[in-house]
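Biologist: I am new to this structure, and I would like a close look at a single part: the place where chain B and chain A touch. Could you walk me through that part, and then through whatever helps me place it in the rest of the model?

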Amino acid sequence: MSWFPLRRRDRHDRESAEELASYIDHETDLNIERGMSPEDARAAAFHKLGNPTRIREEMYEMFSVDWLEGWWRDLRQGARSLRRSRTFTLTAAVTLALGIGANTAVFSVSDAVLLRPLPFPQPERLVQVVVHFKTQGRESHQVSHAGRAWEVLREGITTADLVACKMGAGGVNLATGAGAEYVRQQRVGAGFFRILGVPPLIGREFTGEEDRPGGPPVAVLSHSLWRRRFSSDPAIVGRSILLKGEPHTVVGVMPESFQSTANADLWTPIRPSAEGEGGGMNYSIIGRLRDGVTWAAANGQLAQVGSSLLTKANTADSRAEFRFLSLQDGLTQDTRRPILLLLGTVGIVLLICCVNLAGLLLARCAARSREMATRLALGGGRSHVFRQMIAESLLLAALGGALGLALGTLGTIGLSHIARQTYDIWQPVSLDLRVLCATAGVALLTSLVFGLAPAMYASRTDIREALAGGASRASTAGRHWPGRLLVVAEISLSVILLAAAGLLIRTFAHLNTISPGFDGSGVLTASLSLDDARYHDAARVVQFYRDALGRLSGTPGIEFAAAGLTLPDETALNTAFRLPDSPRFREQWLTSNVIYVTPEYFRVLRIRLLRGREFRDSDTAESQPVTIVNESFVRRYLGDSEPLGRRIDGKTEVVGVVADVRHASNWGNFGPLAPAPAMYVPAAQMEGEALKLFHTWFSPSLLVRSSAPSAVTMQALRDAVAKVDPELPVASFRTLDEIRARTLVRQRMQAVLLAVMAALALLLSGVGLYGLVAHSVVERTREFGIRMALGATKGRVLSSVIASGMTPAICGVLLGAVLARAAARLLSTMIWGIPPGDPLTFAGVVTLLLLVAAVASSVPALKVLGLDPARVLRLD
Amino acid sequence: MGKRRDGDLLLGTLDLLVLRTLALGPAHGHTIAHAIENGSEGVLEVEHGSLYPALYRLEEKGWIASYWGVSENNRKAKYYRLTPAGRKQLVKETNRWDRLAQAVNRILRPASTE
């Protein structure tokens, strides 16, 4: 904006000053003529003219060249005024920035994880087949299907193009000239890429011939693997690569932009069948609705075709039905609730920010009522005062918005980093400007509403009353109710967030400290893929373990060495079995985790043997099949009778009982990490077909207990594997702490994020309460002076001030506790090991908030101690 | 507060009175203020200060023009005079005012005008 109009206006202003002076001179002359003394004459002239300041101000405004310029002036004035009250400005701006920043970051990440459509053509037509259960009012989905179900749906469904696949990827060995490498393989059926709508960059996808049991071994490569291991050689198609110990023909390469449902390096045909793997629920089924087919029609046909598969599942109190779920809903099933929770909490934080801001503005306005009254008394136009308040609000919002943008950018980077370890992210995470604008808009609205309402009030201020100290004389209790209500509101919101965070933190702590049942210190593990043609024979697997463990046992520093299909804290394989010798369970199929191990497994992990014996080298394929079960298994299935000597499936003899260890189980309702019934079986007694199947799902681990430094132990593990099988790469080295951290990464993320939100809420409500009390101290200084002069002790005045802060705080805490108790029910699926009304959490939250409230009300109240009644009373 | 602002006068009345006063010849603010006060026989008692914003507004509209001169008291003063546009406006406003006044009179005192 040019400065020229401002100069012109200043000239005008000087001119009008002269003109008014001229009037005064003429009127004074006239009055002297009438016989007044010069002094009286001049005073009378001023009286006749009226207030020169106001007149000049009025004219000054008329000179304003345009609307914009008036605003420019108001903004500058507002900036000056904000600079004068630095504490207020800083608090308000930081409050705004926290609200805007947190919301922008959380929404940006949620958008990428949950909300944005999948990166495929026409993503809204993509579906996943689920079985929908409704049992006693509780609904659930089953996403995996048996081979038989796939065959029925493949034959019967015409409304959608369907394919069986694994939604996740598993590890396999890829051998090239450069050595063996552990890569991630996703097994998908013919048509998988067609259905997703992404054709291969070169070559083709699998044919029906290749996707049936016994079909030729083929693979499709990801762009990154093709570039990394095959130097982007376009002639790769048709060539053979050594995958899983077997030559596979490469038939295609996917484009760089393609993202599958899992993070995969290559794809191989899943070859679905009703036998083997297909005997259990091991397939996902996805598809694309055919053109012109409605969801209702597709669902109708699916329910009808699938009904024959569910005759057993449909009972008097349970309904089961095949349904199409949108693929997006299917893929985000596990992330939906935590992300929605996060969005909800960040929304509450924004609400608290707005409440806090409102409180700050109200307090500031009340504190300024005297300033306002003075300006009005000096002739400042009401519209002027009004406009300046708006200008201040705008400036505040702009400042908060800018800080919020910075915070939001940092937050988005940090949060997406955390989220990447936890969730599948479908889209690149980018700062969401829409959200930034939306939250900034909410903040602006708040600051306008709460900056303006008091401004209107101020512009109606009764000047005489305000100037005479009416604000401090009038009963303040009645006038503070909006501020107090705001404090009650923000404290109760904080209680809700703190309680939620507390429950999740307690859950996380519980999961981390559930008696582990093993000792992981000094243990290092190396996982490897035995999903390999060379290990399809059980004898080869046993031989490999014997040779590798033999080498490790001879290594200095290594006390014990063992192998196991899965480790504690990992998701374990589960299987169905029968107990024909149990009167209670004779007729039922039962479920248990199953882990094959070598004899020293329990010693490496120091899992206590409670009864019977450990496995021995003499437990072989030729000897009596044996198993060792854990305490949970005994409790759940064997009852009080003697467990030793019982027979699983009528043949496998229970020879020992070991202590429970934590597992992640994907059956039952044990929580993310808890002891679950488990059977340990000797690796040497596994059958070839079962081993082959288990190894397509799990990469087993070698594990050693060693007193040597971990680098030395790692080298020993690497050497032992390389000596026994140079073609076999080690997938990863992990400690048991790392495994647990990996399993609990979601719980940790949820607890951490909620704790951050709750801490923000606590800080904000502390600031809000502090503001309320500090403001009332300033306002009631005069009242305190009078009371002290009349004999009230400082202690009494002090306690009345503290009480003015604690009363709304206590109301807020009580209200919040009631609301939080109700809200805890929403969290019930995320809480483990503690009741939703956990007394410790609630007591802790209440104590913490009361403590913060006490500090926030005491600190400003202490000012009262420095009051000198005599001085206070002289002030006015 | 008890202060009357020009908006409290019937809208446009002050403008009309100023134009009417200047129709008799150029005058400075002090003179105009007293002329209006006297001319209305004290009925329209105006705080003299509120005259000045009105003068500026009229000048902005081009109905009056100003120049600095020396007054009868030998003091520096800002004089205002009517421009041709202002004269036209005065006629227009006077006619409008007459019509309005007649209308109001007819409504208020129908008996006395019959």
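Modeller: Happy to. In this model, 28 residues of chain B are in contact with 27 residues of chain A, where contact means heavy atoms within 4.5 Å. Before going further, please note that this is a predicted model, in which local features need pLDDT of at least 70 and side-chain atom pairs count only at pLDDT 80 or more, while totals for chains, interfaces and linings use all residues. Residues are numbered from 1 along each chain as its sequence is written, chains are lettered from A and ligands numbered from 1 in the order in which they are written, and side-chain values use heavy atoms, with hydrogens and water left out.

Let us start with area. The size of an interface is often given as the accessible area lost when the parts come together. Here chain B and chain A bury about 2,400 Å² between them, with carbon and sulfur atoms giving 55% of it; buried area is the accessible area (1.4 Å probe) that two parts lose on being put together, summed over both. On the chain B side, B:His30, B:Tyr52 and B:Tyr56 lose the most area to chain A, together 25% of what that side buries.

Next come the polar links. The rule finds twelve residue pairs in polar contact across the interface of chain B and chain A, both residues being at pLDDT 80 or more. A polar contact is a pair of N or O atoms within 3.5 Å; within protein, one must be able to donate a hydrogen and the other to accept it, and residues adjacent in sequence count only if both atoms are side-chain atoms.

Which elements of chain B do the touching? Helix H2 (29–39), helix H3 (51–60) and strand E3 (76–82) of chain B each supply at least two residues of the side that touches chain A. Helices (H or I, at least four residues) and strands (E, at least two) are DSSP runs, numbered from the N terminus. H3(B) gives the most to that side, with six residues. By class, the side of chain B that touches chain A has nine nonpolar, eight polar and eleven charged residues. In this count Ala, Val, Leu, Ile, Met, Phe, Trp, Tyr, Cys and Pro are nonpolar, Asp, Glu, Lys and Arg are charged, and the others, Gly among them, are polar.

Charge also matters for the next point. Side chains of opposite charge can pair when their charged atoms come close. Across the interface of chain B and chain A there are four salt bridges by the rule, each a side-chain nitrogen of Lys or Arg within 4 Å of a carboxyl oxygen of Asp or Glu. One salt bridge joins the side chains of A:Glu18 and B:Lys76, at 2.9 Å from N to O. Over all chains, the count of salt bridges comes to 36.

Now look again at H3(B). This helix is mostly covered, as seven of its ten residues are buried, meaning under 20% relative accessible area (exposed is over 50%, partly exposed in between; 1.4 Å probe, protein chains only). The buried residues of H3(B) are B:Leu51, B:Tyr52, B:Pro53, B:Ala54, B:Leu55, B:Tyr56 and B:Leu58. After H3(B) comes B:Gly62, whose phi is positive, near 85°.

E3(B) belongs to a sheet. Three strands form this open sheet of chain B in the order E1-E3-E2, with antiparallel pairing. Strand E1 (27–28) and strand E2 (64–70) of chain B are the edge strands, each pairing on one side only. Two strands pair if DSSP finds at least two bridges between them, and E1(B) and E3(B) pair in the antiparallel sense over two bridges. Within this sheet, B:His28 stands opposite B:Tyr79 in E3(B).

To place the interface in the rest of the model, compare a salt bridge inside chain A. A:Arg662 and A:Asp569 form one, their closest N and O atoms being 2.9 Å apart. At 1% relative accessibility A:Arg662 is buried, and A:Asp569 is buried too, at 0%. Another salt bridge joins A:Arg227 and A:Glu256, with the closest N and O atoms 3.2 Å apart. Because A:Arg227 lies in helix H8 (residues 223–230) of chain A and A:Glu256 in the loop between E9 and E10 of chain A, the pair ties together parts that are 29 residues apart in sequence. A:Arg227 is partly exposed at 41%, whereas A:Glu256 is exposed at 56%.
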